[in-house]
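Colleague: Hi! Could you walk me through this one? I'm new to it.

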Amino acid sequence: MPVDFDFSGFTNVAIAAVNKINTTFTLGGLALQLEKLDIDLGFTVGHTALVNFEQIDITGRTVTGRITIREPDIATINMFETAYGKGAALEPLVFENGVTVGQIFRIDAARVQRGKPSRGDSNGVSTLTIPLEFLPSDAGDDNDLILTFK
């Protein structure tokens, strides 16, 4: 592995704290009170080592994740009745952190399928942990998850 990388053009930027001032989150256009967001890029990676040949292949990818949110008022949305299953809507997910240009990080996913929520609690407040599947467009593009730094 080369040791002469040139990092002279790299700028170290401060990362904004994740809180209600610096961060926004919506799922299906609804601003939810997010406690945790996990995303697994789901790469299938294979290593082939042969005589006179070595290669690493990425042969598949299924992006999944989960969120933990404060359970919204049932009058706002019933997460159990509106998730998963045949006919359930695919929803956009947007997470953005930072307010200063050059220090903003954004995740966009246009087609997210929610799975069956499970209940929990955080400091005595009801929470829901919801599995997510990030789906590409029907055209088969790898646009299931877009990361933007701005």
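Modeller: Happy to, and let's begin with a pair of charged residues: Arg114 and Glu91 are both buried, where buried means under 20% relative accessible area, exposed means over 50% and partly exposed is in between (1.4 Å probe, protein chains only). Please keep in mind that this is a predicted model, in which local features need pLDDT of at least 70 and side-chain atom pairs count only at pLDDT 80 or more, while totals for chains, interfaces and linings use all residues. Residues are numbered from 1 along each chain as its sequence is written, and side-chain values use heavy atoms, with hydrogens and water left out.

Colleague: Got it. How do the side chains of Arg114 and Glu91 meet?

Modeller: They meet in a salt bridge, at 2.8 Å or less if you like round talk, but let me give the value properly: 2.7 Å, N to O. Please scratch my loose first figure and keep 2.7 Å. A salt bridge here is a side-chain nitrogen of Lys or Arg within 4 Å of a carboxyl oxygen of Asp or Glu.

Colleague: Which strands hold Arg114 and Glu91?

Modeller: Arg114 is in strand β8 (residues 105-114) and Glu91 in strand β7, 23 residues apart, and the pair links distant parts of the chain. Strands (E, at least two residues) and helices (H or I, at least four) are DSSP runs, numbered from the N terminus.

Colleague: How many salt bridges are there by this rule?

Modeller: The count comes to eight. One of them joins the side chains of Glu71 and Arg119 (2.8 Å, N to O). Glu71 lies in the loop between β6 (63-70) and β7 (91-97) and Arg119 in strand β9 (residues 118-122), so this pair ties together parts 48 residues apart in sequence.

Colleague: Are Glu71 and Arg119 buried or exposed?

Modeller: Glu71 counts as partly exposed, at 25% relative accessibility, and Arg119 is exposed, at 56%.

Colleague: Which residues are linked in a network of salt bridges?

Modeller: Glu96, Arg106, Asp108 and Lys150. Within it, the closest N and O atoms of Glu96 and Arg106 are 2.8 Å apart. Glu96 is buried at 16% relative accessible area, while Arg106 is partly exposed at 24%.

Colleague: Changing topic: what volume does the largest pocket have?

Modeller: About 210 Å³. On a 1 Å grid over the protein atoms alone, a pocket is an open set of points with protein on both sides within 12 Å along at least five of seven lines; a cavity is a set where a 1.4 Å probe fits but cannot get out, and lining residues have an atom within 4 Å of a point. Points are joined across faces, edges and corners, and a volume is the space filled by probe spheres set on them.

Colleague: And what lines the largest pocket?

Modeller: There are 13 lining residues, with Val18, Asn19, Lys20, Thr23 and Leu34 nearest the centre. Strand β3 gives the most, with four residues. By class, the lining has six nonpolar, four polar and three charged residues; Ala, Val, Leu, Ile, Met, Phe, Trp, Tyr, Cys and Pro count as nonpolar, Asp, Glu, Lys and Arg as charged, and the others, Gly among them, as polar.

Colleague: How many cavities of 30 Å³ or more does a search of the whole structure find?

Modeller: One, and the largest cavity has a volume of about 30 Å³. Among the residues that line it are Glu71, Pro72, Phe80 and Leu128.

Colleague: Last one: which residues form a nonpolar patch on the surface?

Modeller: Leu41, Phe43, Val45, Ile56 and Ile58, with about 500 Å² of accessible area together. Patches are made of residues with over 30% relative accessible area and no salt bridge, where like charges are joined within 9 Å and nonpolar side chains (Val, Leu, Ile, Met, Phe, Trp, Tyr) within 5 Å. Areas come from the Shrake-Rupley method with a 1.4 Å probe, and for residues, only the protein chains shown count as cover. Ile56 is found in strand β5 and is exposed, at 60%.
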